[in-house]
Amino acid sequence: DIFAVTAAVTAARASGDFHAGMDGVLDWPEYHRELLMEQWTGHLDGYALNTNNNRPYFDPADGKMEILPWDLDYAFQEDYVWGMSWTTPRGVLAASCFADAACVAAHKAVAAEVAAGIDVAALDAELSAWETLTYEAAVTDPRRECDVASVDAYRASLHAWIAARPAYMQSFWGY
């Protein structure tokens, strides 16, 4: 399966129509959503920016590859923190997609769809509920890696991220 995807990437890049060339081996709608969620969550250590923390999955129903993210330990950070940019991703699929007009157009359409499905108020409320459940343990744990003020600051930064990310994504993708 991996060899088939690798061969398809080579052929699709050479064809000048990367999006159409990969259609037989890659689940594009799923891939677009995964990549957009990496960007939405600022997952710097994921597939697109760092070619890390992902697993290929081949759906038995159609044989197409999907990318499954894992280990979001470097999430909720802006790309420039690691000297990276969402305009020039390192992952071959992402970079090749961003260099192909049809792929970018498809990605932009999915970006608008994904954005419409994110309820920022509900997400922020869920974060507040988690904070209520975990605050005492977070500030009293003698093994914590930061002081109490940092716990509060990190939690506030997540609320700010959730509030600001929709405007960032809209500005980036122009939907």
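These exercises walk through one protein chain, each with a worked solution.

The model is predicted, so local features need pLDDT of at least 70 and side-chain atom pairs count only at pLDDT 80 or more, while totals for chains, interfaces and linings use all residues. Residues are numbered from 1 along each chain as its sequence is written, and side-chain values use heavy atoms, with hydrogens and water left out.

**Exercise 1. The whole chain**

Task: Find out how many helices and strands the chain has, and in what order the elements run.

Solution:
- Step 1. Helices here are DSSP runs of H or I with at least four residues, and strands are runs of E with at least two, numbered from the N terminus.
- Step 2. Counting in this way gives eight helices and two strands.
- Step 3. Starting at the N terminus, the order is α-α-α-α-β-β-α-α-α-α.
- Step 4. For the overall dimensions, the C-alpha atoms fill a box of roughly 55 × 35 × 35 Å along the principal axes.

**Exercise 2. Inside and outside**

Task: Work out what share of the chain is buried, and what its exposed surface is made of.

Solution:
- Step 1. A residue is buried under 20% relative accessible area, exposed over 50%, and partly exposed in between, using a 1.4 Å probe and protein chains only.
- Step 2. By that rule, 35% of the 175 residues are buried.
- Step 3. The chain exposes about 9500 Å² (Shrake-Rupley method, 1.4 Å probe), and carbon and sulfur atoms supply 59% of this area.
- Step 4. Now look at contacts, meaning heavy atoms within 4.5 Å. Of the contacts with a separation of 6 or more, 67% join residues 24 or more positions apart.

**Exercise 3. Checking the length of α3**

Task: Compare the expected span of helix α3 with the distance between its end C-alpha atoms.

Solution:
- Step 1. Helix α3 covers residues 28–40, which is 13 residues.
- Step 2. The expected span is 1.5 Å times one less than the number of residues.
- Step 3. This gives 18 Å, and the end C-alpha atoms are 18 Å apart, so the two agree.
- Step 4. Look at the ends too. At the N-terminal end, Asp 27 acts as a cap, with a side-chain oxygen 3.2 Å from the backbone nitrogen of Glu 30. After α3 comes Gly 42, which has a positive phi near 60°.

**Exercise 4. A buried histidine in α3**

Task: Decide whether His 32 is buried or exposed, and list what it touches.

Solution:
- Step 1. His 32 lies in helix α3.
- Step 2. Its relative accessible area is 2%, so His 32 is buried. Other buried residues of α3 include Trp 28, Tyr 31, Leu 35 and Trp 40.
- Step 3. Not counting residues up to four places away in sequence, His 32 touches His 19, Cys 97, Cys 103, Ala 106, His 107 and Val 110.

**Exercise 5. The loops on either side of α4**

Task: Describe Gly 46, Thr 51 and Asn 53 by place and by accessibility.

Solution:
- Step 1. Gly 46 sits in the loop between α3 and α4. With a relative accessible area of 0%, Gly 46 is buried.
- Step 2. Setting aside residues up to four places away in sequence, Gly 46 touches Glu 38, Thr 51 and Asn 52.
- Step 3. Thr 51 belongs to the loop between α4 (47–50) and β1 (54–58), and at 45% relative accessibility it is partly exposed.
- Step 4. Asn 53 is also found in the loop between α4 and β1, but Asn 53 is buried, at 6% relative accessibility.
- Step 5. Check the backbone angles: although not a glycine, Thr 51 has a positive phi of about 45°. Asn 53, not a glycine either, has a positive phi of about 55°.

**Exercise 6. Partners from elsewhere in the sequence**

Task: Find which residues Asp 100 and His 159 contact, leaving aside neighbours within four places in sequence.

Solution:
- Step 1. Asp 100 is in the loop between α5 (92–98) and α6 (101–116) and is buried, at 7%.
- Step 2. Its contacts are Gly 16, Asp 17, Phe 18 and His 19. Asp 100 and Phe 18 are 82 residues apart in sequence, yet their C-alpha atoms are 6.2 Å apart.
- Step 3. His 159 lies in helix α8 (residues 148–173) and is buried, at 18%.
- Step 4. The contacts of His 159 are Asp 124, Leu 127, Ser 128 and Glu 131.

Conventions: A polar contact is a pair of N or O atoms within 3.5 Å; within protein, one must be able to donate a hydrogen and the other to accept it, and residues adjacent in sequence count only if both atoms are side-chain atoms.
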